[in-house]
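User: Please take one part of this structure and look at it closely, going from the overall fold down to individual residues. I would like a connected account of how two neighbouring elements pack.

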Amino acid sequence: MSANWLTVFSLGMVAVMSPGPDFALTLRNSLVYTRKTGIYTALGITVGNIVHVTYCLIGIGAIITRSIVIFNIIKMGRRRLPNLYRYKIIKSEKTSRRVYN
């Protein structure tokens, strides 16, 4: 059992260390804004990766695939998330127009 955990951990570390969109986002935020913003971005990505690895290791994926109710709740939430983002973008655009005009 411990060999499986070690394998998953090792593969996870390699995946996290490889450059990709996360690295590009962190680099962009560090260069465009401040070093502090880049650090917060990296910490947010790290927390997200830890959450995903944890629920995969615990087996939440197996529970979700066996429970149609939980699966449908997640699907409905996933459908509504882009609308929430759109709302926040529109709201922030209105606020920024007031500030700059």
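**A close look at one helix pair**

Analyst: A good place to begin is a single contact in this predicted model: a polar atom of the T41 side chain lies 2.8 Å from the backbone oxygen of T37. T41 is part of helix α3, and with a relative accessible area of 14% it falls under the 20% limit and is therefore buried. Beyond residues up to four places away in sequence, T41 touches L25, T26 and N29.

To place these residues, it helps to step back to the whole chain. The protein chain contains five helices and zero strands, so that its pattern along the sequence reads α-α-α-α-α. Of its 101 residues, 7% are buried, and T41 is one of the buried residues.

The helix pair itself can now be described. Two packed helices are described by the angle between their axes and by the distance between those axes. Here helix α2, residues 21-32, and helix α3, residues 35-58, have axes that come within 7 Å and cross at roughly 155°. Because this angle is over 145 degrees, α2 runs roughly antiparallel to α3. The crossing of the two helices, α2 and α3, is right-handed.

On the α2 side, the contact is made by D22, L25, T26, N29 and S30, which meet R35, T37, G38, T41, A42, I45 and N49 of α3. Sorted by character, the residues of this contact comprise three nonpolar, seven polar and two charged.

What does N29 touch, leaving aside its neighbours within four places in sequence? N29, which is found in helix α2, is in contact with T34, T37, G38 and T41. Its relative accessibility of 11% is under the 20% limit, and N29 therefore counts as buried. The contact between N29 and T41 thus joins a buried residue of α2 to a buried residue of α3, and T37, whose backbone oxygen lies 2.8 Å from the polar side-chain atom of T41, is also among the residues that N29 contacts.

A further residue of α3 offers a contrast in exposure. C56 is found in helix α3, but at 53% relative accessibility, over the 50% limit, C56 counts as exposed. Although C56 and V8 are 48 residues apart in sequence, their C-alpha atoms are 10.0 Å apart in space. Helix α3 thus holds both T41, which is buried, and C56, which is exposed.

Technical notes. Residues numbered from 1 in each chain as written. Predicted model: local features only at pLDDT ≥ 70, side-chain atom pairs only at ≥ 80, totals over all residues. Heavy atoms only, no water. Axes fitted to C-alpha atoms, helices over the stretch in contact; angles between N-to-C directions. Helix = DSSP H or I, 4+ residues; strand = E, 2+ residues; numbered from the N terminus. Parallel < 35°, antiparallel > 145°, perpendicular 65-115°, else oblique. Left-handed = near helix turned anticlockwise from the far one by under 90°. Contact = heavy atoms within 4.5 Å. Nonpolar A, V, L, I, M, F, W, Y, C, P; charged D, E, K, R; others polar. Buried < 20%, exposed > 50% of the residue type's maximum accessible area, 1.4 Å probe, protein only. Polar contact = N/O pair within 3.5 Å; in protein donor to acceptor, adjacent residues only side chain to side chain.
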